[in-house]
Amino acid sequence: LSRTSEVSTGTPARRMSSPRSPPKSADLHKPTSSGGSAAELAREALPQLMCFVPAGSMLALAVPMCQMMADVSRSDDNRRVATEILGSIVHAGTLSDLQIEELLLPLVLQLCQDVSADVRESMSLQLNYIIRSLSTPRLVDQVLPDMLELLDDEKQQVRYAVIITAIDMVPVLPKDYFARKVLPKFLDMANEVIDGGESFPTFPPELPLKFGLMFHSIFSQGSFWEDVASRNTDMSVFLQCYEKLAASANEKTRKKCCFNYPAVLQTVGKEGFGDHVLRSILFQFVQDPSIEVRRLVATFLHELCAILSVEQCTVHVFDALQTLLQDKEARVWSALFGHLDCILNTFCGGDAASSSSASVSTETQQLLYQELLPLITSCIKTDRRAWRSQVTLVSQIERFPLHFNHAALTRSVVPPLMKILECSNIPL
């Protein structure tokens, strides 16, 4: 889920029969065939190239250029580029701690206090790369106070940027600093979402996509709290925030929350899942009006089998599987087929040391499979438009005798397969 940078490339340069004069400044700002001006493309490319500059050139070229562009007399765009160049230089790891401390950290602190909110926002996003690249606690301690100050910035866009940065940095921030300074900010943000209206005016747009990372990074370790009760109280606040986001009227927000569901469930664990809010959220996603949300559940359903117990899977995963197999959209139920065998194996897995699990695998599984087989075979169609999903499903049929009654297979599966062969709908 890491950010990636897209580098636009123009069309190949044409060979000119006669030399051309250098482009004028105004020409550099004309849109190119790739959609941006030459100046915009250069601004995007410059910070990325800094990661590959040798150490000698870094001191002779990159650092002086960054110092010049970071000057307050330069334009906001120039200073924004300076923040990105700073992040690239530090992340490249070619400068010593002393060089970073003397040449770059003053620029970092200066840009954190810049008069422009756009510059402070850009610098906030670069703090993740900068702090991760600092090798000594002494250097990190010089930057952390400015990061904390940005969490209380007067501009919302800056606060959002530094919150997203802090989410990425939970594993590397000093534990006492995070517990005292950053975690309370996260809790305030979660409470604002819980108390806010349907429009959610107070949360960063990236929060739903980052929620799983944030939740797992915080609660996978218990060193931030003095006792279990405090940890459970804070977890309850974050889960209420997640529940509110998952019920958003915005389809993109629900989709991002759904994407993070396995990470949230893995962090909470399987205990009490039957009565947990995450169970309600799961079936809310399964019945979501968005095809993309339901398809996401079908894509990760097998991951839930690795988190929940066999008994829980035979109830909750089974119910979700039934609903998804009956979905009207082929894009939804076809997403199950790649891991269908994994899900079916779960229903008969169990723990050899547990007699109760053994009873599930021997007595209940045939009833489960008896209900599933008609739903699965109903997905075997001869529609030419669905041939990709059919290929995936048919490739799993050879393992069906391990799970289903052989007589039932003969009645339910053989006729559709013969129909496929007769229609010759699957390309060979």
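This report walks through a predicted model of an all-helix protein, from its overall make-up to a few helix pairs and single residues.

**The whole chain**

The protein has 21 helices and zero strands; here helices (H or I, at least four residues) and strands (E, at least two) are DSSP runs, numbered from the N terminus. Because the model is predicted, local features need pLDDT of at least 70 and side-chain atom pairs count only at pLDDT 80 or more, while totals for chains, interfaces and linings use all residues. Residues are numbered from 1 along each chain as its sequence is written, and side-chain values use heavy atoms, with hydrogens and water left out.

Of the 428 residues in the protein, 44% are buried. Buried means under 20% relative accessible area, exposed over 50%, and partly exposed in between (1.4 Å probe, protein chains only). Among contacts with a separation of 6 or more, 69% join residues 24 or more positions apart; contact means heavy atoms within 4.5 Å.

**Two pairs of helices**

Two packed helices are described by the angle between their axes and the distance between the axes. Axes are lines fitted to C-alpha atoms, for helices over the stretch in contact, and angles run from 0 to 180 degrees between N-to-C directions.

Start with helix α14 (residues 291–307) and helix α15 (residues 310–325), whose axes come within 11 Å and cross at roughly 155 degrees. That makes α14 roughly antiparallel to α15, a label for angles over 145 degrees, with under 35 roughly parallel, 65 to 115 roughly perpendicular and the rest oblique. Their crossing is left-handed, meaning that the near helix is turned anticlockwise from the far one by less than a right angle (clockwise would be right-handed). On the α14 side, R294, V297, A298, L301, L304 and C305 take part, and they meet C313, V317, A320, L321 and L324 in α15. These residues divide into 10 nonpolar, no polar and one charged. In this grouping, Ala, Val, Leu, Ile, Met, Phe, Trp, Tyr, Cys and Pro are nonpolar, Asp, Glu, Lys and Arg are charged, and the others, Gly among them, are polar.

Next come α3 (residues 76–92) and α4, with axes within 11 Å and a crossing of roughly 140 degrees. The crossing of α3 and α4 is left-handed. Here R79, A82, T83, L86, I89 and V90 in α3 meet I100, L104, L107, V108 and L111 in α4, a set of nine nonpolar, one polar and one charged.

**Three buried residues**

S116 is in the loop between α4 and α5, D288 is in the loop between α13 and α14, and S124 lies in helix α5. The table gives a polar contact for each (a pair of N or O atoms within 3.5 Å; within protein, one must be able to donate a hydrogen and the other to accept it, and residues adjacent in sequence count only if both atoms are side-chain atoms).

| Side chain | Relative accessible area | Backbone partner | Distance |
|---|---|---|---|
| S116 | 8% | nitrogen of D118 | 3.3 Å |
| D288 | 4% | nitrogen of S290 | 2.8 Å |
| S124 | 0% | oxygen of R120 | 2.7 Å |

Leaving aside residues up to four places away in sequence, S116 touches D76 and R79. On the same basis, D288 is in contact with R254, V293 and R294, and S124 touches L150, V158, A161, V162 and T165.
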